[in-house]
Amino acid sequence: MKICFLMYPWERINCESDSTLRLIHEAVSRGHTVAVTTPNNLTMRDSIASAFCKVV
């Protein structure tokens, strides 16, 4: 399965309490393809949403 997580900027992540990081870790450990993006990397053209993602 391919999963993309929409997160806030990396500078604001608290690795001690962020549950999204745990979800990413679990998805990767189960063999899924995981990507991460932030709201400023979202775009829309011709009614099609796209995101510039970083694959983990």
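Strand β2 (residues 33-37) and β5 pair in the antiparallel sense, and the pairing runs over two bridges. This description rests on a predicted model, in which β2 and β5 belong to an open sheet of three strands with the order β1-β2-β5 and mixed pairing. Besides the sheet, the briefing covers a network of salt bridges that links Arg22, Glu26 and Arg30, the residue His32 in the loop between α1 and β2, and two residues with positive phi, Asp46 and Ser47.

**The sheet**

- The edges of the sheet are taken by β1 (2-6) and β5 (54-55), and because each of these strands has a single partner, one side of each is left without a neighbour in the sheet.
- Within the pairing of β2 with β5, which is antiparallel, Val36 stands opposite Lys54 in β5.
- Strands of a sheet pair through backbone hydrogen bonds, in either a parallel or an antiparallel sense.

**Salt bridges of Arg22, Glu26 and Arg30**

- A search of the whole structure finds two salt bridges, and Arg22, Glu26 and Arg30 are linked by such bridges into a network.
- In one of them the side chains of Glu26 and Arg22 meet, with an N to O distance of 2.9 Å; these two residues are four apart in helix α1 (residues 19-29), so about one helical turn separates them.
- Glu26 also meets the side chain of Arg30 in a salt bridge, here with an N to O distance of 3.4 Å.
- Glu26 counts as partly exposed at 24% relative accessibility, whereas Arg30, with a relative accessible area of 61%, is exposed.
- Side chains of opposite charge can pair when their charged atoms come close.

**His32, between α1 and β2**

- His32 is found in the loop between α1 and β2, and at 25% relative accessibility this residue counts as partly exposed.
- Leaving aside residues up to four places away in sequence, His32 touches Met1, Ile3 and Ala27.
- The C-alpha atoms of His32 and Ile13 are separated by 22 Å, the two residues being 19 residues apart along the chain.

**The loop between β3 and β4**

- Asp46 is found in the loop between β3 (42-45) and β4 (48-51), and Ser47 is found in the loop between β3 and β4 as well.
- Asp46 is exposed, with a relative accessible area of 70%, and Ser47 likewise counts as exposed, at 70% relative accessibility; both classifications follow because exposed means over 50% relative accessible area.
- Phi of Asp46 is near 55°, a positive value in a residue other than glycine, and phi of Ser47, which is also a residue other than glycine, is positive too, near 65°.
- Most residues other than glycine have a negative phi, and it is against this background that the positive values of Asp46 and Ser47 may be read.
- Asp46 and Ser19 are 27 residues apart along the chain, and their C-alpha atoms are separated by 34 Å.

Terms used. Residues numbered from 1 in each chain as written. Predicted model: local features only at pLDDT ≥ 70, side-chain atom pairs only at ≥ 80, totals over all residues. Heavy atoms only, no water. Buried < 20%, exposed > 50% of the residue type's maximum accessible area, 1.4 Å probe, protein only. Salt bridge = Lys/Arg side-chain N within 4 Å of Asp/Glu carboxyl O. Pairing = 2+ DSSP bridges. Contact = heavy atoms within 4.5 Å.
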